[in-house]
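Trainee: Before I rely on any label attached to this model, I would like to see how each one is justified. Could we go through them together?

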Amino acid sequence: MNRIGEMLVSAGKISKEELDQALGSQQKEGGRLGTHLVKLGLLGDEELVEFLSQRYGVPAINLNEVEIDESIIKIIPPDVARKYTILPVSKAGARLTIAMVDPTNVFAMDDIKFMTGYNVEPVVTSEAALRDGIDKYYGSTHSIELKKVMEDIADTDDADLEVLDDDDDLDLAELEQQSEEAPVVRLVNIILTDAIKRGASDIHIEPYEKEYRVRYRIDGILYEMMRPPLKLKEAITSRVKIMAKLDIAEKRLPQDGRIKIKTKLGNKIKDLDFRVSVIPAIFGEKIVLRLLDKDNLMLDMTRLGFEEEPLRRFEQAIFRPYGMVLVTGPTGSGKTNTLYSALSRINTPEVNIMTAEDPVEFNIGGINQVQMKEQIGLNFAATLRSFLRQDPNIVLVGEIRDFETAEVAIKAAMTGHLVLSTLHTNDAPSSINRLMNMGIEPFLVASSTHLVVAQRLVRRICSNCKEPYEVPPQALHNIGFSKDEVKSLQMFRGRGCDTCSGTGYKGRVGLYEVMDIEEDIKELILSGGSAYELREKSIENGMLTLRHSGLQKIRDGVTSIDEVMRETVA
């Protein structure tokens with residue numbers, strides 16, 4: 001880099017004294033000479049890029065004005081991009097263009113050529129823009145702080161971090177000591193706080209044979225965020241286990257725990273819970289942390305995504321004095337949020353509300369919540385029986401999984417209690433058949449069940465980079481829009497920006513299918529009607545299906561065609 005310094009002096013861009021000042025800073029802190037020249041205010045970022053571009057005959061690029069396609073980003077793995085501080089920009093035939101700070105780094109270009117099979121052509125850009133670009137497209141890793149953590153780890157003797165594979169010889173004291181060492185503590189803290197800042201719902205920490213990776217689930221999609229050194233696998237696992245009050249010696253069985261933390265975000269102090277699940281995989285223990293942030297709990301039913309008429313029906317059902325209301329959908333479809341919103345709506349001092357949950361995700365004032373403990377016989381059915389001796393008005397059962405729970409829930413609904421619960425079925429009509437398949441008599445299902453809600457979550461188009469675009473009319477007609485409607489329909493999508501980390505989506509909204517159990521539906525249930533017949537009759541009665549709810553969200557410009565197609569069927 002001295003050569004670049006000399007060239008800058010020769011070109012009159014900086015003085016000899018300024019070069020010596022930057023070299024002194026570089027010697028103390030490491031890094032590129034150009035970075036120190038810019039940091040010390042001796043040379044402008046753009047001026048340096050322009051100089052390098054002219055000197056080496058390499059085009060310059062402003063990454064802030066370029067949107068790079070995801071398929072291009074995937075050509076180079078995140079660890080390689082960070083190692084060489086480069087970013088793939090475009091591809092034409094067998095030629096791959098990469099943005100670099102130092103266009104003379106032939107080692108980087110040779111490595112990438114060998115790894116990808118493409119001929120590499122460099123373009124030059126500023127280091128700040130490049131690091132921002134890497135964070136944007138590959139995910140931030142709190143780069144400055146994480147770099148310091150990794151440097152601390154690199155300085156640590158490997159022998160100090162060695163963990164024995166043989167469980168019989170496992171030194172628990174040594175393992176606990178490793179998990180408490182500053183670099184590991186800071187790295188785990190970075191993982192937790194970064195997830196909170198990004199609005200992640202889950203953190204996946206996954207060991208493989210030759211790598212260790214951390215992924216966040218943001219708006220329902222998993223994104224790889226970082227790859228800590230493999231040698232830290234045991235220390236990170238132990239640190240998380242200690243925080244969750246789990247047994248660090250037990251590596252053969254799954255374990256569940258909870259971490260409660262207090263952190264400062266902006267000017268606000270937040271109390272947060274992480275639900276921790278550890279499971280033994282073939283290359284180590286996989287950890288999943290579910291972030292339970294009460295601030296993200298949407299208790300206003302009008303903002304969940306219900307259309308006007310389905311919301312009216314749902315509210316009417318939960319204000320009845322007795323009967324059963326079911327919410328159905330796959331794991332992660334927002335059922336808990338919908339049920340908590342319903343409880344919040346009907347939670348008044350005049351009623352006694354009791355819930356049986358596995359696990360209790362959020363504590364809500366004025367509601368008596370009970371955590372299930374299967375190992376001591378405290379299951380849904382046993383708890384529900386006990387509830388009936390506690391003079392409840394409203395009972396929430398976390399999930400109806402078996403005949404015993406379903407039987408007690410239905411008896412409760414028929415003896416003057418409002419029962420709210422969940423099922424795992426694909427749509428609302430299937431829930432009725434599911435109850436009968438469990439062994440519940442059709443006349444009990446028909447007389448106790450008032451309403452069934454099926455739901456899914458789709459990503460919202462980012463409001464910051466939302467833009468209209470054209471879709472072929474036939475494609476719109478194929479997903480369910482009428483031919484007349486297609487002519488005037490305006491489609492929207494997210495272009496991708498810093499607010500949404502380049503995804504085009506920010507936040508999620510619910511799609512709802514609300515099936516009211518009216519008299520003609522009850523007659524169908526009693527006569528053994530199929531899920532298809534129940535569905536057709538409900539649509540006849542005005543039920544919006546999940547697909548129709550999705551089409552309405554597309555009309556309103558809330559979500560995209562891709563999201564609705566991913567979560568619903570016609």
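Mentor: We will take the cysteines, a helix, the cores and a cavity in turn, keeping in mind that this is a predicted model.

Trainee: How do you know that Cys465 is not in a disulfide with Cys497?

Mentor: The cut-off for a disulfide is a pair of cysteine sulfur atoms within 2.5 Å. The closest cysteine sulfur to that of Cys465 belongs to Cys497 and lies 3.7 Å away, which is too far for a bond. Cys500 is in no disulfide either, since the nearest cysteine sulfur, again that of Cys497, is 3.8 Å away. The structure as a whole holds zero disulfides.

Trainee: What makes Cys465 and Cys500 count as buried?

Mentor: Buried means under 20% relative accessible area. Cys465 has 1% relative accessibility and therefore counts as buried, and Cys500, with 4%, counts as buried too.

Trainee: Why is helix 23 called largely enclosed?

Mentor: Helix 23 covers residues 546-555, and seven of its ten residues are buried, so the helix is largely enclosed by the rest of the structure. Those buried residues are Leu546, Arg547, Ser549, Gly550, Leu551, Lys553 and Ile554. They pack against strand 15 (449-461), helix 19 (473-479), strand 17 (491-494), strand 18 and helix 24 (561-567). Just after helix 23, Gly557 takes a positive phi of about 75°.

Trainee: What makes Ile432 stand out in the largest nonpolar core?

Mentor: That core has 41 residues, and Ile432 is among the five that touch the most other members, together with Met324, Ile400, Leu435 and Ile525. Helix 16 (residues 403-414) supplies the largest share of this core, six residues. If neighbours within four places in sequence are left aside, Ile432 is in contact with Val445, Thr449, Val452, Met515, Ile517, Ile525 and Leu534. Another core, of 33 residues, lies apart from the largest one, and its members include Leu187, Ile205, Tyr216 and Met226.

Trainee: How do you know which elements line the second largest cavity?

Mentor: A lining residue has an atom within 4 Å of a cavity point, and for this cavity, with a volume of about 40 Å³, the residues are Glu309, Pro310, Arg313, Glu513, Val514, Gly542, Met543 and Leu544. Helix 13 (308-318) and strand 18 (505-516) each supply at least two of them, with helix 13 giving the most, three residues.

Trainee: What is the chemical character of that lining?

Mentor: The lining of the second largest cavity is mixed, with four nonpolar, one polar and three charged residues.

Note on methods
Residues are numbered from 1 along each chain as its sequence is written. This is a predicted model: local features need pLDDT of at least 70, side-chain atom pairs count only at pLDDT 80 or more; totals for chains, interfaces and linings use all residues. Side-chain values use heavy atoms; hydrogens and water are left out. On a 1 Å grid over the protein atoms alone, a cavity is a set of points where a 1.4 Å probe fits but cannot get out, and a pocket is an open set with protein on both sides within 12 Å along at least five of seven lines; lining residues have an atom within 4 Å of a point. Grid points are joined across faces, edges and corners, and a volume is the space filled by probe spheres set on the points. Helices (H or I, at least four residues) and strands (E, at least two) are DSSP runs, numbered from the N terminus. Ala, Val, Leu, Ile, Met, Phe, Trp, Tyr, Cys and Pro count as nonpolar, Asp, Glu, Lys and Arg as charged, and the others, Gly among them, as polar. Buried means under 20% relative accessible area, exposed over 50%, partly exposed in between (1.4 Å probe, protein chains only). A nonpolar core is a set of buried Ala, Val, Leu, Ile, Met, Phe, Trp, Tyr and Cys residues joined through side-chain atoms within 4.5 Å. Contact means heavy atoms within 4.5 Å.
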